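Student: Could we go through this fold together, element by element? I would like each answer to end on the value or name in question.

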Amino acid sequence: MPSVVRTSGLRRRAQALGESLLEAVYPRRCALCHTSIAGDDAPLCPACREAVEAASRHPACPRCGMTLAPFAGPACVTCAQRTFPFDSVVRVGAYTGGLRALLTAFKFGGHEELDVYFAERLARVIMRLEVYEEIDALVAVPTCWQHRLRRSFHPAAVLARLAARRCRIPLAPLLVRRGGPHQVGLSLTARQANVRGRFHLARGCAVPGARLLLVDDVMTTGATAGECTRVLRRAGADAVHVAVVGRAGDDPVTLRHV
Ligand SMILES: [Zn+2]
Ligand SMILES: [Zn+2]
């Protein structure tokens, strides 16, 4: 109907005018270096975008998610002797450099508006998975109630919800986490001990034969994803894949500080 078209056109122009006025008063700024940027560049200036995307440039091992060495085969030699509870790992990039700085700004720096940027990138890598068509549901790595009480923002839950919508895969709140010390700064062995028995299946849930994709913001040692996978497998899941934004551990400095 012409009147509706005219109204929505007017609304769009008013919105664009409002946005440009707002930008004149409060120019958009790059989420990393804070220089003013054009609206189309948001949330990063071209230089910072390049720094963030550099972390995604190298192929990753499908078993552990670590960056593959140049001229390596399809999987890395470092994990060849290891077995993982999950079936595969896919990541947006290595948790280093610009990607690490941006994820830190998202998780701890009040830049929660980066949720769309990260979710879109995560959705892109999920949709490239060979098993994409087979995934029944996305499952966010849950946080404990003490954490939720302290802070309403839970990055993994936000990313899983937005990525699920983009990938058109249902989001299933299958896991619950009991409280306890945080994983930050712990070694692989300590992390494994720290998460053991920490997760359980949400009441009334059953997953026989399900093919699931576990979503988290960062994978460090894989202990958390491994424990979540064990719970889902014990509940009958046929396959559990993992998708994260950042995979830590590509350099010793990264491992020491997360
Ligand atoms: Zn910048
Ligand atoms: Zn590997």
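**Strand 1 and its sheet**

Tutor: Strand 1 has 6 of its 7 residues buried, so this strand is largely enclosed by the rest of the structure; a residue is buried if 20 or more other C-beta atoms, placed from the backbone, lie within 10 Å of its own, exposed if 12 or fewer, and partly exposed in between. This is a predicted model, in which local features need pLDDT of at least 70 and side-chain atom pairs count only at pLDDT 80 or more, while totals for chains, interfaces and linings use all residues. Residues are numbered from 1 along each chain as its sequence is written, and chains are lettered from A and ligands numbered from 1 in the order in which they are written.

Student: What is the order of the strands in the open sheet of 4 strands?

Tutor: Strands here are DSSP runs of E with at least two residues, and helices are runs of H or I with at least four, both numbered from the N terminus. Two strands pair if DSSP finds at least two bridges between them. The pairing in this open sheet is parallel, and its order is 1-6-5-2.

Student: Which residue in strand 6 is the bridge partner of V90?

Tutor: Strand 1 runs parallel to strand 6 (residues 239-247), and 6 bridges join them. For V90, the bridge partner in strand 6 is A243.

Student: Is S56 buried or partly exposed?

Tutor: S56 sits in the loop between helix 2 (46-54) and strand 1 (88-94). Apart from neighbours within four places in sequence, S56 is in contact with V92 and G93, where contact means that C-beta atoms, placed from the backbone, lie within 7 Å. Because S56 has 19 C-beta neighbours inside 10 Å, it counts as partly exposed.

Student: At what angle do helix 4 and helix 6 pack?

Tutor: The axes, which are lines fitted to C-alpha atoms over the stretch in contact, give angles from 0 to 180 degrees between N-to-C directions. Helix 4 (residues 115-127) and helix 6 (residues 155-167) have their axes 8 Å apart, and the packing angle is about 55°.

Student: How many nonpolar residues are there in the contact of helix 4 with helix 6?

Tutor: Among the residues that meet are F118 and L122 in helix 4, and L159 and L162 in helix 6. Ala, Val, Leu, Ile, Met, Phe, Trp, Tyr, Cys and Pro count as nonpolar, Asp, Glu, Lys and Arg as charged, and the others, Gly among them, as polar. The contact of helix 4 with helix 6 has no polar residues and 3 charged ones, and the number of nonpolar residues is 12.

Technical notes
Two residues are in contact if their C-beta atoms, placed from the backbone, lie within 7 Å.
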